2 protein chains.
Amino acid sequence: MKKKYVYLFTEGNGSMRELLGGKGANLAEMTNLGMPVPQGFTITTEACTQYYNDGEIINDEIKSEIMHYIAEMEKITGKKFGDIDNPLLVSVRSGSRASMPGMMDTILNLGLNEQVVESFAKKTNNPRFAYDSYRRFIQMYSDVVMDVGKSYFEKLIDEMKEKKGVKHDTELDADDHKELARLFKEEYKNKTGKDFPSDPIEQLFGAIKAVFRSWNNPRAIYYRRMNDIPSSWGTAVNVQEMVFGNMGDSSGTGVAFSRNPATGEAKLYGEFLMNAQGEDVVAGVRTPHTLDYLKENNPAVYEQFSNIASTLEKHYKDMQDMEFTIEQGKLYMLQTRNGKRTAAAALKIACDFVKEGLITEKEAIMMLEPKQLDALLHPQFDAEAIKAAEPIGSGLPASPGAACGQVVFTADDAKEWSVNKGARVILVRLETSPEDIEGMYCAEGILTGRGGMTSHAAVVARGMGTCCISGCSELKINEEAKEFILGGRTIKEGDWISLDGSTGKIYGEAIKTVEASLSGDLNTIMKWADQFRTMNVRTNADTPKDAEQAIRFGAEGIGLCRTEHMFFEPTRIIAMREMIVSKTEEQRRAALNKLLPMQRSDFEGIYEAMQGYPVTIRLLDPPLHEFLPKDEKDIIELAKEMKIEVAELKGIIHSLHEFNPMMGHRGCRLVISYPEIAEMQATAIIEAAINIQKKHPEWNLVPEIMIPLVGDVRELKYVKNIIVKTADAIIEKSGINLKYMVGTMIEIPRACLIADEIAKEAEFFSFGTNDLTQMTFGFSRDDAGAFLDAYYAKNIYENDPFSRLDQNGVGKLVKMAVERGKEERPNIKLGICGEHGGDPSSIEFFQKVGLNYVSCSPFRVPIARLAAAQAAIKSNI
Amino acid sequence: MKKKYVYLFTEGNGSMRELLGGKGANLAEMTNLGMPVPQGFTITTEACTQYYNDGEIINDEIKSEIMHYIAEMEKITGKKFGDIDNPLLVSVRSGSRASMPGMMDTILNLGLNEQVVESFAKKTNNPRFAYDSYRRFIQMYSDVVMDVGKSYFEKLIDEMKEKKGVKHDTELDADDHKELARLFKEEYKNKTGKDFPSDPIEQLFGAIKAVFRSWNNPRAIYYRRMNDIPSSWGTAVNVQEMVFGNMGDSSGTGVAFSRNPATGEAKLYGEFLMNAQGEDVVAGVRTPHTLDYLKENNPAVYEQFSNIASTLEKHYKDMQDMEFTIEQGKLYMLQTRNGKRTAAAALKIACDFVKEGLITEKEAIMMLEPKQLDALLHPQFDAEAIKAAEPIGSGLPASPGAACGQVVFTADDAKEWSVNKGARVILVRLETSPEDIEGMYCAEGILTGRGGMTSHAAVVARGMGTCCISGCSELKINEEAKEFILGGRTIKEGDWISLDGSTGKIYGEAIKTVEASLSGDLNTIMKWADQFRTMNVRTNADTPKDAEQAIRFGAEGIGLCRTEHMFFEPTRIIAMREMIVSKTEEQRRAALNKLLPMQRSDFEGIYEAMQGYPVTIRLLDPPLHEFLPKDEKDIIELAKEMKIEVAELKGIIHSLHEFNPMMGHRGCRLVISYPEIAEMQATAIIEAAINIQKKHPEWNLVPEIMIPLVGDVRELKYVKNIIVKTADAIIEKSGINLKYMVGTMIEIPRACLIADEIAKEAEFFSFGTNDLTQMTFGFSRDDAGAFLDAYYAKNIYENDPFSRLDQNGVGKLVKMAVERGKEERPNIKLGICGEHGGDPSSIEFFQKVGLNYVSCSPFRVPIARLAAAQAAIKSNI
């Protein structure tokens with residue numbers, strides 16, 4: 001069957017998102033619902049894929065299909081491309097399956113040329129509007145299709161305003177715009193060497209290709225990577241008859257949400273600009289009115305819109321984000337989609353929808369984005385500290401949460417300070433643009449001088465869960481001097497400020513922040529999630545403090561307690577170093593004996609904090625040289641402390657040097673060289689458990705002792721024997737009937753290949769997907785930075801395999817290990833304690849392969865609980 | 001069915017090697033053939049395994065079975081353990097499935113005690129013999145069972161000889177030996193705190209346990225690792241009635257080979273000592289007679305032995321290594337086994353057997369040990385250089401080949417000098433013992449002052465293929481002063497000497513050596529091998545010189561040509577460094593343009609050398625920092641050369657530093673960052689091929705371009721596109737119809753998991769099993785030394801996975817990749833270019849999984865040809 005590459009809005013529907021993109025499918029759906037939608041057609045995502053397969057060419061088949069639909073559209077509208085009497089003008093907009101706000105490019109007013117604009121001016125009897133539209137078109141087309149930056153044109157506008165002595169664009173008249181259009185075309189020719197195209201068909205194909213190309217611009221690639229969107233999807237192109245919000249004072253354009261996207265309040269919420277085109281609202285160049293303005297000035301249209309919003313929300317069972325235009329008093333819907341919202345709003349909306357009977361609890365769980373909860377789990381201001389603080393100004397509360405950091409003024413600086421200096425930064429900009437996105441990811445918070453709640457900065461920050469205050473109009477930024485003035489204070493680069501993204505208040509000082517806890521809607525959702533969830537959620541915690549935080553977040557055990565972190569404390573590292581420089585087993589045992597009571601009391605603290613929940617403790621993992629000093633001064637000091645010669649100590653350090661420490665003498669390999677390390681650690685674990693069990697007879701402690709870096713069953717057997725011998729002797733002496741388990745990390749590719757053999761000895765597996773990813777890909781996380789950027793830029797990798805489990809490669813090994821492990825030991829306990837344990841898409845995979853639990857940082861426990869619930873629900877569909 | 005743990009010699013046969021060990025099975029077989037074998041029984045290898053399973057205890061079941069067979073033996077021989085009138089005396093000897101010469105322990109004369117020895121002295125009318133036997137027994141038992149070193153007893157003998165003013169043991173009389181026995185028992189009590197056991201049953205069980213234990217002594221573990229013998233096999237124990245070669249001048253003991261083990265000459269060959277026990281011959285303490293002495297002095301026994309030897313050779317279809325004893329004129333066979341032999345002898349024997357009609361060509365192929373060919377492929381003396389050389393002495397030509405190196409006097413020094421200093425060493429010892437084995441492996445050649453052709457040094461050296469001269473009686477070694485005197489010359493540690501292991505000549509200077517070539521028997525065998533072989537054998541070669549050597553050895557192509565080695569040459573590294581420090585693509589291209597003609601001419605040379613055989617060239621692999629200098633002086637020099645600031649250069653070097661270079665920015669990752677590198681290399685390869693193809697129209701060159709370190713198909717696709725674009729443009733311009741292939745290394749675990757996807761783009765796979773092993777095991781070869789020794793010592797690993805492919809882990813990945821690769825592209829070309837390509841056991845695996853070729857160092861090509869033939873023959877059995 002011949003492929004169909006173009007659909008009229010009347011031919012599609014809301015379920016065709018894959019083919020038509022979100023925008024196209026929803027335009028079709030709204031058309032079907034009888035809503036006022038300007039006519040048009042959608043070129044499918046498959047056409048985009050075909051375009052790339054053909055070597056970035058629109059082939060003849062697709063071209064002729066588009067031509068056919070142009071004719072159709074001319075028939076329906078009764079207008080004609082390039083017709084002087086009744087010209088067809090269209091917008092060309094991208095629309096992919098997943099919403100990618102601000103990432104793709106749009107062209108409005110396409111179809112205008114010298115002749116058309118003149119007649120259009122006459123026909124509308126509004127030359128100012130016609131020439132304004134024309135110069136906008138030239139500007140957008142130049143930027144999007146020919147890559148001639150907007151700034152060239154903005155400079156011309158500024159020069160014009162100066163010449164005319166006016167302040168706002170709106171003060172320019174028809175002749176000014178006409179003159180601007182002329183100057184723009186001149187600029188176009190200067191920059192491209194070609195005349196600006198006057199044939200609307202040529203303009204249209206230029207625009208379509210530009211949309212296709214924009215799918216692979218660096219911002220789009222970056223956004224996809226950050227949001228797990230595959231590059232293979234492609235984008236659709238929507239060609240739609242223009243309606244004009246800039247046709248005078250009975251016209252306007254707006255963006256609205258069916259509920260408040262910041263709080264979730266069940267009230268229509270939006271922004272509106274009179275006599276403007278859509279981009280003016282989104283770009284945040286002018287600060288818009290609220291919808292109340294519309295209500296007052298045009299209650300009929302407001303009423304109509306309000307009904308549409310309510311219908312759409314019920315229809316889609318989700319909060320809607322809509323674009324509309326009023327052309328000379330008549331309402332047109334240009335877009336609807338499920339709206340981005342803050343985490344708090346998302347929770348409130350989900351809970352309210354259930355209360356309203358619109359959806360079930362299960363559906364409420366499924367409509368949430370687990371990663372977004374992050375925002376609620378981030379620090380808030382310390383209640384005491386904030387009492388004394390006086391804000392120096394305020395803006396719009398665009399994305400909630402508290403942030404505190406050092407001021408930087410460019411996205412590059414944000415990246416540089418945060419990545420290279422490890423600084424916490426607040427990015428302060430007049431307004432943000434898609435180019436700033438990487439810097440925004442690095443910032444603790446974002447503060448802008450312009451733009452509303454739907455400005456680029458606000459939308460992106462909410463998506464990221466980053467605190468943001470937008471539209472702080474008092475803010476005077478001097479980017480060159482790297483300073484800003486607010487509330488009479490001059491704040492320079494590097495100075496500390498604090499933001500409250502929930503209130504919009506800005507503080508000119510560092511304010512202490514505190515951790516969040518679960519309550520209200522979040523707590524409700526978590527309880528619902530726990531009903532559906534089949535995997536347990538544990539935490540990775542090395543200290544009682546972390547363990548307590550995790551318990552507050554609902555952790556059901558510790559999946560990974562790293563014992564080495566305890567040895568880095570200054571009071572302990574001395575004994576650790578003594579152990580390392582020991583020349584005989586006796587010396588080593590003496591040093592280990594000093595570590596034993598410290599280690600035992602660590603474990604006691606952790607058992608106490610975990611209140612009887614299971615705790616998996618991993619034996620010492622890193623290579624020993626990590627504990628030794630590196631620079632001359634420290635070495636001399638240590639030698640003195642250890643009472644050995646500096647030269648001797650240097651010799652030891654030298655002998656422990658490794659070419660590839662990641663693949664060196666670590667994990668169970670240490671125990672095979674020095675069995676007494678495992679003896680000490682097993683002693684500490686078992687004695688601690690006995691002590692706590694005696695104190696809390698109501699708990700049933702079953703210590704889980706985990707052996708790292710196992711690649712062969714004989715390694716495991718050797719270390720296990722030591723543990724069992726040690727543990728059994730202590731337990732027998734204690735008179736308590738303590739059970740314990742011995743298991744292994746699965747983090748070496750070979751372990752997955754022989755997991756059946758390993759399961760003979762291991763009572764549990766815990767997948768260490770960080771190391772497993774490193775070894776399966778053959779690159780070290782510490783070194784990959786040098787080349788992964790090129791991989792992303794060239795579309796070789798779409799996302800970071802250390803954040804999102806590589807199901808195609810690493811996942812195969814995990815699956816193999818699970819199957820082989822269960823084959824040998826059907827009741828084997830299976831968990832994962834790599835960083836993927838807190839990543840929703842990875843959690844879905846772990847559910848599919850049948851793990852018993854995921855373990856993640858305390859901070860991510862609620863995210864994992866929600867993601868696990870979604871995974872369980874999906875697996876039953 | 002109840003397991004049978006003990007077999008009388010009459011109950012077993014030659015096919016029961018697994019159960020009875022080699023020695024036991026052959027004693028049974030000889031008994032069945034009616035040969036004169038002293039009676040006895042064999043305790044099975046399963047009893048040994050059971051002993052370890054029971055926690056190093058002989059359980060009651062086995063114990064009672066042994067007691068039963070002792071009674072049987074007493075019945076057969078009419079002698080009784082501990083009986084004063086007619087005592088049963090036995091030898092206890094180990095015997096595993098594979099021959100492990102000198103590795104396991106033996107006890108003779110067991111059953112003697114104070115009472116028995118006295119009556120034995122009377123009964124044999126030879127008190128000297130009786131007490132000599134007794135003190136030998138005490139000495140061996142103390143050493144083997146109680147770990148009281150021989151040296152304590154040797155010191156007592158030396159004191160006795162001094163006291164008596166005699167030089168040789170044989171000059172000591174009965175009373176001296178009686179006194180020695182008393183002193184020995186005193187020493188035993190001193191060292192062990194216990195009385196020497198007088199109960200023969202207690203002695204016997206002590207000895208059996210000692211044999212079992214010796215299976216896991218460090219020497220045995222080391223030998224097994226070096227010879228690929230699994231530790232699970234266990235050893236059998238042979239208990240055999242004693243016969244005495246030390247019963248006076250009509251007695252004696254000898255070791256003989258059915259053919260000459262050094263040359264393969266078809267003539268009985270052996271050594272014989274009058275009035276001695278077997279250990280005297282093997283230990284090399286006294287220099288023995290040849291068999292001619294026996295022929296002259298006892299022609300009847302010689303004749304009988306000669307017939308037996310001939311019968312056994314025909315029976316086993318292999319050259320036999322036999323131990324025999326003559327007790328008062330009567331011949332007894334104590335052992336027969338397939339004899340160890342030099343590589344040259346092995347070839348000659350195989351060819352002669354075929355000529356004699358004893359075996360087929362196929363059987364000839366199967367009876368050879370491919371690794372052994374190594375000895376023939378090692379350097380010989382340069383014909384010119386040797387002409388002028390005058391030997392300073394000579395010894396027995398114990399293991400052939402030429403060696404040249406610096407003198408060391410201990411095995412530890414040999415290891416230290418060779419491993420840590422990279423020196424070529426000759427190990428000079430009075431005699432060697434099993435403790436020396438590691439040092440012997442490190443030496444180019446071995447020279448001993450004592451011992452014959454069957455001494456420890458000689459046997460082990462032949463097994464290793466290492467040049468050895470033994471029994472150089474003029475050699476005066478002063479181990480403390482680290483020097484020796486020979487032919488009037490004093491040679492100190494570190495001085496250069498040369499050995500000719502084929503003639504026994506010793507030279508006091510360094511003599512140039514040359515590579516070997518294929519001729520004579522080796523050539524014959526290679527031709528036979530090629531008939532049976534189904535896999536091709538290629539070579540890893542980076543230079544025309546290596547390529548030529550490989551062609552001489554029969555290589556059928558290059559499987560791996562590493563392009564980076566070419567860049568390390570002093571004239572080239574400058575351009576390479578220029579490329580690395582380039583700041584722009586233009587600078588990089590300029591530097592690459594300088595490298596292009598050099599690289600092209602390298603490839604031309606290699607194509608010429610390979611005479612039209614296929615050549616696989618791998619793109620640049622190592623991380624760039626490997627090409628930059630490391631120390632201050634070199635950095636300053638380079639900065640000057642490059643005309644950049646030292647600080648800037650240091651900055652570049654610093655920025656290229658990697659934590660884990662093995663898993664860093666290398667392989668195809670370099671090309672993804674700097675595509676112009678692949679452009680240059682593809683240009684050089686294709687241009688070189690075109691030039692050579694034009695010169696040799698009779699050849700059909702098809703360049704194989706190989707991309708390293710691929711883990712994802714998109715990496716491969718990206719690099720392949722660059723190559724194809726570059727190559728096609730050059731080919732089109734050339735007017736020649738050159739075909740070429742683009743393929744990939746498979747060396748990242750992930751590549752194996754997604755080999756089907758990769759095969760969509762790759763026309764061939766070449767398994768890089770070195771890196772694949774590193775990443776699958778998760779340890780770096782450079783760092784593993786720090787812990788692998790402990791792994792071997794604790795029986796966790798039995799052999800080095802870098803020498804012998806880990807079939808259980810890495811092999812699974814290889815198999816998976818082969819299957820998935822073929823699924824996608826049935827005619828995909830499959831090869832292996834890791835070091836395992838020259839390892840016979842790995843080659844057998846590669847045959848099984850269906851590779852098209854193996855590639856190894858030039859040096860190992862004949863070994864691989866033979867191993868591939870054996871693998872093909874086995875796969876058809």
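This passage describes the overall form, the pairing of chains and selected residues of a predicted model. Residues are numbered from 1 along each chain as its sequence is written, and chains are lettered from A, with ligands numbered from 1, in the order in which they are written. Local features need pLDDT of at least 70, side-chain atom pairs count only at pLDDT 80 or more, and totals for chains, interfaces and linings use all residues, while side-chain values use heavy atoms and leave out hydrogens and water.

Chain A contains 36 helices and 31 strands. These are DSSP runs numbered from the N terminus, with helices (H or I) of at least four residues and strands (E) of at least two. Along the principal axes, the C-alpha atoms of chain A fill a box of roughly 100 × 65 × 55 Å. The radius of gyration of chain A is 31 Å, which agrees with the value near 29 Å for a compact globule of 877 residues. That radius is taken over C-alpha atoms, and the globule rule is 2.2 Å times the number of residues to the power 0.38. Buried residues account for 60% of the 877 residues in chain A. Buried means under 20% relative accessible area, exposed over 50%, and partly exposed in between (1.4 Å probe, protein chains only). Contacts are heavy atoms within 4.5 Å. Of those in chain A between residues at least 6 apart in sequence, 69% join residues at least 24 apart.

Chain B superposes on chain A by a rotation of 180° with 0.1 Å of shift along the axis, at an RMSD of 0.3 Å. That is the relation of a two-fold axis. The same surface serves both copies, as 100% of the contact residues of chain B recur in chain A. The fit is by least squares on the C-alpha atoms of residues with pLDDT of at least 70 in both copies. Within chain B, Asn660(B) comes closest to the rotation axis, with its C-alpha at 2.1 Å.

The largest nonpolar core holds 297 residues. Such a core is a set of buried Ala, Val, Leu, Ile, Met, Phe, Trp, Tyr and Cys residues joined through side-chain atoms within 4.5 Å. Tyr607, Ile758 and Phe765 of chains A and B touch the most other members. Beyond its neighbours within four places in sequence, Phe765(A) contacts residues including Thr744(A), Ile758(A), Ala817(A) and Leu830(A).

No cysteines are paired: the structure holds 0 disulfides over all chains. A disulfide is a pair of cysteine sulfur atoms within 2.5 Å. For Cys468(A), the nearest cysteine sulfur is that of Cys467(A), 7.1 Å away. Cys468(A) is buried, at 0% relative accessibility. The sulfur of Cys833(B) lies 11 Å from the closest cysteine sulfur, in Cys856(B), too far for a bond. Cys833(B) is also buried, at 4%.

Thr683(B) sits in helix H27 (residues 675–695) of chain B. It counts as buried, at 13% relative accessibility. Its side chain reaches the backbone oxygen of Glu679(B) at 2.6 Å. Outside its neighbours within four places in sequence, Thr683(B) contacts Leu596(B), Thr726(B) and Ile730(B).

Most residues other than glycine have a negative phi. Glu56(A) has a positive phi, near 60°. Glu56(A) lies in the loop between helix H2 (45–53) and helix H3 (60–77) of chain A, and is partly exposed at 43%. Asn795(B) likewise has a positive phi, of about 60°. Its place is the loop between helix H32 (785–793) and helix H33 (810–824) of chain B.

Note on methods. Polar contact = N/O pair within 3.5 Å; in protein donor to acceptor, adjacent residues only side chain to side chain.
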